[in-house]
Amino acid sequence: MENIMNFMAQRTEFILSSAGYQQGIIKSVIHLSFSNPLQSIPSRIEALRAAQKEAAFPDFLLAVKRVNNIVPKTPLPPVEASLFQQDEEKDLSAAVAAARNALMPAIDGSDFSAALKAVLPVTSPVNSFFDKVLVMDKREEVKTNRLSLLRDVWETVALIADFSKFQS
């Protein structure tokens with residue numbers, strides 16, 4: 001079954017590339033064809049192409065790539081708000097919750113432009129978090145909780161695309 005899925009992904013990637021879409025954008029959404037309707041992929045790509053033109057997009061892309069670079073690939077426990085030590089943790093958690101609340105209905109309605117608009121506001125809280133919070137705290141439970149919070153950021157934005165593969 002995996003061979004069939006990989007073949008379909010390669011063919012889809014080739015077709016999209018032949019249609020003139022940028023390779024980085026294709027690679028950022030092609031994995032979603034395994035778990036989402038294939039017909040949603042061009043809509044996602046078009047939304048990403050439009051978002052590229054937004055003034056806020058480069059900062060967003062930089063912020064979420066930074067998040068992805070620090071989040072471990074190993075499982076993490078759920079975020080525990082009681083372990084937050086700084087306002088920036090609370091602010092980031094609230095921003096992610098608000099983004100997810102706006103994002104899910106947009107994705108369910110295949111409105112990927114609205115989905116992107118829902119996640120763009122996490123940029124400032126992510127940057128504040130990195131500027132003022134030491135992620136790798138000496139206390140293991142605080143460090144793990146901060147990594148879990150960043151994982152939640154990544155998992156939220158990754159519902160639209162794998163921004164680590166996206167070229168600005």
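Which residues have the most contacts inside the largest nonpolar core? The points below address this and related features of the model, which is predicted.

1. The largest nonpolar core comprises 52 residues, and Phe60, Ile160 and Phe163 are those with the most contacts inside it. Helices α1 (2-18), α2 (23-29), α3 (40-52), α4 (57-70), α5 (87-108), α6 (112-119), α7 (123-132) and α8 (140-157) are the elements that give two or more residues to this core. The most is given by α5, with 7 residues.

2. Phe163 merits separate comment. With its neighbours within four places in sequence left aside, Phe163 is in contact with Leu48, Phe57, Phe60, Leu61, Val64, Lys65, Leu116, Trp154 and Val157. One of these partners, Phe60, is itself listed with Phe163 among the residues with the most contacts inside the core.

3. Phe163 also belongs to an aromatic cluster, whose members are Phe57, Phe60, Phe163 and Phe166. Two of these residues, Phe57 and Phe60, appear among the contacts of Phe163 noted above.

4. The structure contains 6 aromatic pairs. One of them joins Phe129 and Phe130 in an edge-to-face arrangement, with 5.8 Å from centre to centre and 75° between the planes. Both Phe129 and Phe130 are buried.

5. The surface carries a nonpolar patch formed by Ile4, Phe7 and Met8, which together have about 310 Å² of accessible area. Ile4 lies in helix α1, an element that also gives two or more residues to the largest nonpolar core.

Terms used: Residues are numbered from 1 along each chain as its sequence is written. This is a predicted model: local features need pLDDT of at least 70, side-chain atom pairs count only at pLDDT 80 or more; totals for chains, interfaces and linings use all residues. Side-chain values use heavy atoms; hydrogens and water are left out. A nonpolar core is a set of buried Ala, Val, Leu, Ile, Met, Phe, Trp, Tyr and Cys residues joined through side-chain atoms within 4.5 Å. Buried means under 20% relative accessible area, exposed over 50%, partly exposed in between (1.4 Å probe, protein chains only). Helices (H or I, at least four residues) and strands (E, at least two) are DSSP runs, numbered from the N terminus. Contact means heavy atoms within 4.5 Å. Patches are made of residues with over 30% relative accessible area and no salt bridge: like charges are joined within 9 Å, nonpolar side chains (Val, Leu, Ile, Met, Phe, Trp, Tyr) within 5 Å. Accessible areas come from the Shrake-Rupley method with a 1.4 Å probe; for residues, only the protein chains shown count as cover. A salt bridge is a side-chain nitrogen of Lys or Arg within 4 Å of a carboxyl oxygen of Asp or Glu. Rings of Phe, Tyr and Trp (its six-membered ring) pair if their centres lie within 6.5 Å; planes under 30 degrees apart count as stacked, over 60 as edge-to-face and the rest as tilted.
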